[in-house]
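Colleague: I should be grateful for some guidance on reading this structure. May we take the features one at a time?

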Amino acid sequence: MFGAVEAGGTKFVLAVGTAEGELVDVTEVPTKAPEDTLPAVVDYFRRYQLFALGVGSFGPLDLAPDSPSLGILTDTPKIEWRGTNIRLRLEREVGVPTYVTTDVAAAALGELRRGEHGPLESCLYITVGTGIGAAFLLHGDIYSGMNHPEMGHISVRRAPHDTFSGVCPAHGDCLEGMASGPAIHARWGMPGQALPAEHEAWQMEAHYLAEAVVNYIYTFYPQRIILGGGVMRHPHLLGKVQEGVLERMRGYHVAPTVRSIQEYLVAPKLGPLSGVYGALLLAIAGYRG
Ligand SMILES: [Zn+2]
């Protein structure tokens, strides 16, 4: 058996699965301080005979190749987790090789391999929730440069007459600062789930997401873009973003696949399990070397 962890801001999703990538058991523990959460994670996995563990974690993380602190949480806004190395702790305490990537890269892997999106050479997965992140997969591998990208923190053009200063602690009005779940809450004084479908919040949200998607298309030109995360569960938002993307491209270098925007910019197919499926695949791939 193989173990999988999706370490998120509010909960850790834990799972065990087979070498074929099928989930056998899934459970959750709340994200509190490391000394409260990690022992519960270790206890869960000690009940199984595992070959390896895969972790998709919130970040930022040190994922620089060959870094001595590989897997350590760096500038995370969750202060009590800064300096924690989830990968190393689990490897030592569960006693099996443990592999780590970002939560969004794990979700991207899960969707690409298990989500029945068809064979894709390149794919971008974006999540819009408590934070915003994206991962680019090329030939099935997660793209990383000197460290993992932070595509949620790009600069985007402001919506006309928008004076909101943004909530990103580092940048203020970057994409995450303007369009994450906490940004919606701060801007409108209530969470996205409480805002009705006809509220202007959704057109504003679609503006920022469409701005970002156009930037990602022109940067990577992926064969498919999957747009997931809690904020995207709002029923009409995806359609608004799809429209906004084509409008902004203004016909310039628009591939025929992009013109079929409903098939090009799509929702995830594995729902909340994308990340844990991806972490399982990471464990299996790591174990096989
Ligand atoms: Zn930012």
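Colleague: Is arginine 113 buried or exposed?

Modeller: This is a predicted model, in which local features need pLDDT of at least 70, side-chain atom pairs count only at pLDDT 80 or more, and totals for chains, interfaces and linings use all residues. Residues are numbered from 1 along each chain as its sequence is written. A residue is buried if 20 or more other C-beta atoms, placed from the backbone, lie within 10 Å of its own, exposed if 12 or fewer, and partly exposed in between. Arginine 113 has 18 such atoms within 10 Å, and is therefore partly exposed.

Colleague: In which helix is the place of arginine 113?

Modeller: Helices are DSSP runs (H or I, at least four residues), numbered from the N terminus, and strands are E runs of at least two. Arginine 113 belongs to helix H3, residues 103-114.

Colleague: How are two packed helices described?

Modeller: One gives the angle between their axes and the distance between the axes. Axes are lines fitted to C-alpha atoms, for helices over the stretch in contact, and angles run from 0 to 180 degrees between N-to-C directions. The axes of H3 and helix H10 (residues 274-288) come within 6 Å and cross at roughly 85 degrees. H3 is therefore roughly perpendicular to H10, a term for angles of 65 to 115 degrees.

Colleague: How far apart are arginine 113 and leucine 281 in sequence and in space?

Modeller: They are separated by 168 residues in sequence, yet by 8.6 Å in space, C-alpha to C-alpha.

Notes
Parallel < 35°, antiparallel > 145°, perpendicular 65-115°, else oblique.
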